Amino acid sequence: MLWSRRFDGLDALVAERGNALLATAVLLAGSRAAGEDLLQAALERLMRSWGRVREDRERYLRRTMYHLAIDQWRSRRRRAEVFVTHEPPGASDGTDALDLRDAMRRALVQLSPRQRTVLVLRYWEQLTEAETADALGCSVGTVKSTASRGLARLRELTANWDLELTREHSSNGTGR
């Protein structure tokens with residue numbers, strides 16, 4: 001059987017929703033490279049279950065990504081996690097929106113994996129507390145308390161952003 005017939009609809013799913021899925025994976029994993037790996041692993045699992053998953057394959061794929069992310073941060077508890085201080089520089093267009101997005105990604109990486117996952121599901125994916133709890137296999141109360149602690153930590157991490165961004169722009173000559 002031809003690949004295109006066996007996985008009918010996969011090309012369309014990836015073409016239409018690939019960027020959104022990758023963005024979620026990057027936020028869950030903490031870096032672009034790890035996000036790409038996470039999405040790839042989820043796609044592999046979807047393909048293995050393709051015949052059984054007839055309805056809402058995107059939902060199945062997202063749920064698989066969430067569970068793989070959970071598995072990763074659970075295994076990190078058993079071994080030390082090493083964060084890279086910076087990623088290789090990409091092509092920068094110099095807009096404030098990209099700077100803010102990068103700063104937010106760096107702030108999210110500083111959260112615990114559980115807090116990062118809950119915040120991504122709640123505020124990036126816009127799932128309800130109940131949907132988030134269902135996706136993570138925990139209680140709504142756990143989602144609420146984890147989100148609260150994660151948001152409080154983000155507030156601490158971003159408290160002096162305006163001052164730092166102003167200094168960065170004035171030191172490299174871009175000004176505000």
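**A walk through the helices and their loops**

In helix H5, the buried residues include Ala103, Arg105, Ala107, Leu108 and Val109. This is a predicted model, and H5 is a good place to start in it. The helix covers residues 96-109, 14 residues in total, and spans 20 Å from its first C-alpha to its last, close to the 20 Å expected at 1.5 Å a residue.

Let's turn next to a pair of helices. Two packed helices are described by the angle between their axes and the distance between the axes. For H2 and helix H6 (residues 113-124), the axes come within 8 Å and cross at roughly 150 degrees. Because angles over 145 degrees count as roughly antiparallel, that is how H2 and H6 are described relative to each other. On the H2 side, the contact is made by Ala23, Thr24, Leu27, Leu28 and Ala29, which meet Arg116, Thr117, Val120 and Trp124 in H6. By character, the residues of this contact divide into 6 nonpolar, 2 polar and 1 charged.

Follow the chain out of H2 (10-29) and you come to serine 31, in the loop leading to helix H3 (32-48). Is serine 31 buried or exposed? With a relative accessibility of 18%, serine 31 counts as buried, since the cut-off for buried is under 20%. Its side chain reaches the backbone nitrogen of alanine 34 at 3.2 Å.

Two further loops are worth a visit for their backbone angles. Aspartate 56, in the loop between H3 and helix H4 (57-78), has a positive phi of about 35 degrees although it is not a glycine. Glutamine 126, between H6 and helix H7 (129-136), is not a glycine either, yet has a positive phi of about 60 degrees. At 64% relative accessibility, glutamine 126 counts as exposed.

How values were computed: Residues are numbered from 1 along each chain as its sequence is written. This is a predicted model: local features need pLDDT of at least 70, side-chain atom pairs count only at pLDDT 80 or more; totals for chains, interfaces and linings use all residues. Side-chain values use heavy atoms; hydrogens and water are left out. Helices (H or I, at least four residues) and strands (E, at least two) are DSSP runs, numbered from the N terminus. Buried means under 20% relative accessible area, exposed over 50%, partly exposed in between (1.4 Å probe, protein chains only). A polar contact is a pair of N or O atoms within 3.5 Å; within protein, one must be able to donate a hydrogen and the other to accept it, and residues adjacent in sequence count only if both atoms are side-chain atoms. Axes are lines fitted to C-alpha atoms, for helices over the stretch in contact, and angles run from 0 to 180 degrees between N-to-C directions. Angles under 35 degrees count as roughly parallel, over 145 as roughly antiparallel, 65 to 115 as roughly perpendicular and the rest as oblique. Contact means heavy atoms within 4.5 Å. Ala, Val, Leu, Ile, Met, Phe, Trp, Tyr, Cys and Pro count as nonpolar, Asp, Glu, Lys and Arg as charged, and the others, Gly among them, as polar. The expected span of a helix is 1.5 Å times one less than its number of residues.
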